[in-house]
Amino acid sequence: MNATTEQQLWMYEKMIEIREYEETMARIYLEGKLPPHIQKGLAFDIGAGPVPGEMHLAAGQEPVAVGVCAHLHDDDTVVGSHRPHHFAIAKGVPLKPMTAEIFGKDTGLGRGKGGHMHLFDPAHKFSCSGIVGASMPPACGAALAARKRGKNWVAVAFFGEGAANQGAFHESMNLAALWKLPVLFVCEDNKYGISVEKSESTSVAWNASRAAAYGMPGVLVEQNDALAVYAAAGAAIERARRGEGPTLLEVKTDRYLGHFQGDPETYRPKGEVESLRRHDPIPLLGEHLRRAGLLDDAADKALRARVGVRIAEAYEYGRTSPYPKAEDALMHVFS
């Protein structure tokens with residue numbers, strides 16, 4: 001399945017947007033968290049700065065999000081993981097309220113109560129969770145709801161390779177296959193479950209091979225390439241829309257940053273990140289577009305300028321929006 005010109009340009013622009021969003025957040029997140037004079041042994045204050053708490057960023061993993069979401073309609077559901085920004089951006093979640101939520105502001109998606117791992121946007125049918133493996137059961141629920149309503153909608157569950165060892169993975173795969181639910185399971189294999197290599201935690205080389213045990217196709221994309229993901233995801237999503245059931249798609253992708261910001265990354269071999277960045281998927285797609293005559297320097301510059309404006313406006317909105325009022329703490333709470 002080949003992407004149209006419009007889809008290819010959309011994926012390229014969205015990958016740039018995701019990368020700039022994540023790299024900007026990486027800088028802002030560190031504000032106030034490091035001592036004035038950075039020295040070995042001094043504490044990293046995770047609770048300080050404008051964005052307290054943990055932060056999981058997805059720079060390098062952009063192809064997974066855009067290659068899948070390029071096929072989705074507004075009524076399709078996406079459920080993300082604890083590393084969710086690239087999925088949210090690719091699904092169309094507006095940057096301003098998403099960023100305000102990450103800053104804990106009242107104008108955020110959840111009025112500042114969820115933070116970056118709990119982004120919920122019903123208008124764009126997007127949600128995520130900080131619980132490992134928690135994307136799969138809700139995606140099955142959304143797929144079942146679509147079936148019962150007679151809608152030609154699909155649901156996508158994104159998760160990391162570490163989540164494939166959770167019970168929720170196996171339970172969801174079995175249920176989706178048994179009921180032939182229109183759901184796509186997408187495993188982002190970035191090699192590490194926090195700091196543990198997949199080879200030390202998983203009995204099979206590729207999680208895609210586990211699909212056979214549940215009677216569904218298992219597809220492996222070994223390149224961190226948006227067009228390769230697009231082709232594989234397209235076939236799986238078409239299959240789901242035809243009522244033929246679920247697919248497990250595994251993509252070998254690369255995480256350029258730590259598991260969380262502030263992660264010392266002592267588990268990585270020396271030079272690993274530099275080696276991975278030599279195969280950056282954004283210039284890879286850009287070079288393809290240039291060879292195809294779909295992109296030139298002027299268009300690329302204009303595209304990046306548009307992205308820069310959107311990112312700057314979103315972060316300004318997040319910084320300057322008001323915090324929730326103290327008396328609002330008990331709003332939206334079951335009693």
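Is Glu13 buried or exposed? In this predicted model, Glu13 counts as buried, because its relative accessibility is 16% and the limit for that class is under 20%.

## Glu13 and its surroundings

Glu13 is a residue of helix 1, which runs over residues 5-29. Leaving aside residues up to four places away in sequence, Glu13 touches Leu303, Arg306, Val307 and Arg310.

Helix 1 also takes part in two helix pairs described below, one with helix 9 and one with helix 4.

## Helix 1 against helix 9

Helix 9 spans residues 281-291, and its axis comes within 10 Å of the axis of helix 1. The two axes cross at roughly 155°. Helix 1 is therefore roughly antiparallel to helix 9, since angles over 145 degrees fall in that class. The crossing of these two helices is left-handed.

On the helix 1 side, the contact is made by Gln8, Leu9, Met11, Tyr12, Met15, Ile16 and Arg19. On the helix 9 side, Pro281, Ile282, Leu285, Gly286, His288 and Leu289 meet them. Sorted by class, the residues of the contact of helix 1 with helix 9 are nine nonpolar, three polar and one charged.

## Helix 1 against helix 4

Helix 4 covers residues 95-102, and helix 1 packs with it at an angle of about 25°. The axes of the pair are 13 Å apart. This angle makes helix 1 roughly parallel to helix 4, because the class takes angles under 35 degrees. Here helix 1 passes its partner, helix 4, in a right-handed crossing.

Helix 1 contributes Glu17, Tyr21 and Met25 to this contact, and helix 4 contributes Leu95, Met98, Thr99 and Ile102. The contact of helix 1 with helix 4 consists of five nonpolar residues, one polar and one charged. Tyr21 appears again in an aromatic cluster, where ring pairs link Tyr21 with Phe103 and Tyr315.

## Helix 5 against helix 6

Helix 5 (residues 136-148) and helix 6 (residues 167-178) have axes that come within 9 Å. Their crossing angle is roughly 20°, which means that helix 5 is roughly parallel to helix 6. Helix 5 passes helix 6 in a left-handed crossing.

Met136, Pro137 and Cys140 are the helix 5 residues in this contact. They meet Ala168, Phe169, Ser172 and Ala176 of helix 6. The contact of helix 5 with helix 6 has no charged residues; six are nonpolar and one is polar.

## Aromatic pairs

Six aromatic pairs are found in a search of the whole structure. One of them joins Phe87 and Phe158, with ring centres 4.0 Å apart and planes at 10°, so the pair is stacked. Phe87 belongs to helix 3 (residues 85-91) and Phe158 to strand 3 (residues 155-160); with their positions 71 residues apart, the pair links distant parts of the chain. Phe87 is buried, its relative accessible area being 0%. Phe158 is likewise buried, with a relative accessible area of 0%.

Phe159 and Phe169 form an edge-to-face pair, because their planes stand at 65° and their ring centres are 5.7 Å apart. This pair also links distant parts of the chain: Phe159 is in strand 3 and Phe169 in helix 6, 10 residues apart. Both Phe159 and Phe169 are buried. Phe169 is also one of the helix 6 residues that meet helix 5.

## Helix 2 and Ala236

Helix 2 (residues 62-69) is mostly covered, with eight of its eight residues buried. These are Glu62, Pro63, Val64, Ala65, Val66, Gly67, Val68 and Cys69.

Val68 lies 9.7 Å from Ala236, C-alpha to C-alpha, although 168 residues separate them in sequence. Ala236 is found in helix 7, which spans residues 226-241. Ala236 is buried, because its relative accessible area is 6% and the limit is under 20%. Not counting residues up to four places away in sequence, Ala236 touches Leu184 and Thr247.

Technical notes:
Residues are numbered from 1 along each chain as its sequence is written. This is a predicted model: local features need pLDDT of at least 70, side-chain atom pairs count only at pLDDT 80 or more; totals for chains, interfaces and linings use all residues. Side-chain values use heavy atoms; hydrogens and water are left out. Axes are lines fitted to C-alpha atoms, for helices over the stretch in contact, and angles run from 0 to 180 degrees between N-to-C directions. Helices (H or I, at least four residues) and strands (E, at least two) are DSSP runs, numbered from the N terminus. Angles under 35 degrees count as roughly parallel, over 145 as roughly antiparallel, 65 to 115 as roughly perpendicular and the rest as oblique. A crossing is left-handed if the near helix is turned anticlockwise from the far one by less than a right angle, and right-handed if clockwise. Contact means heavy atoms within 4.5 Å. Ala, Val, Leu, Ile, Met, Phe, Trp, Tyr, Cys and Pro count as nonpolar, Asp, Glu, Lys and Arg as charged, and the others, Gly among them, as polar. Rings of Phe, Tyr and Trp (its six-membered ring) pair if their centres lie within 6.5 Å; planes under 30 degrees apart count as stacked, over 60 as edge-to-face and the rest as tilted. Buried means under 20% relative accessible area, exposed over 50%, partly exposed in between (1.4 Å probe, protein chains only).
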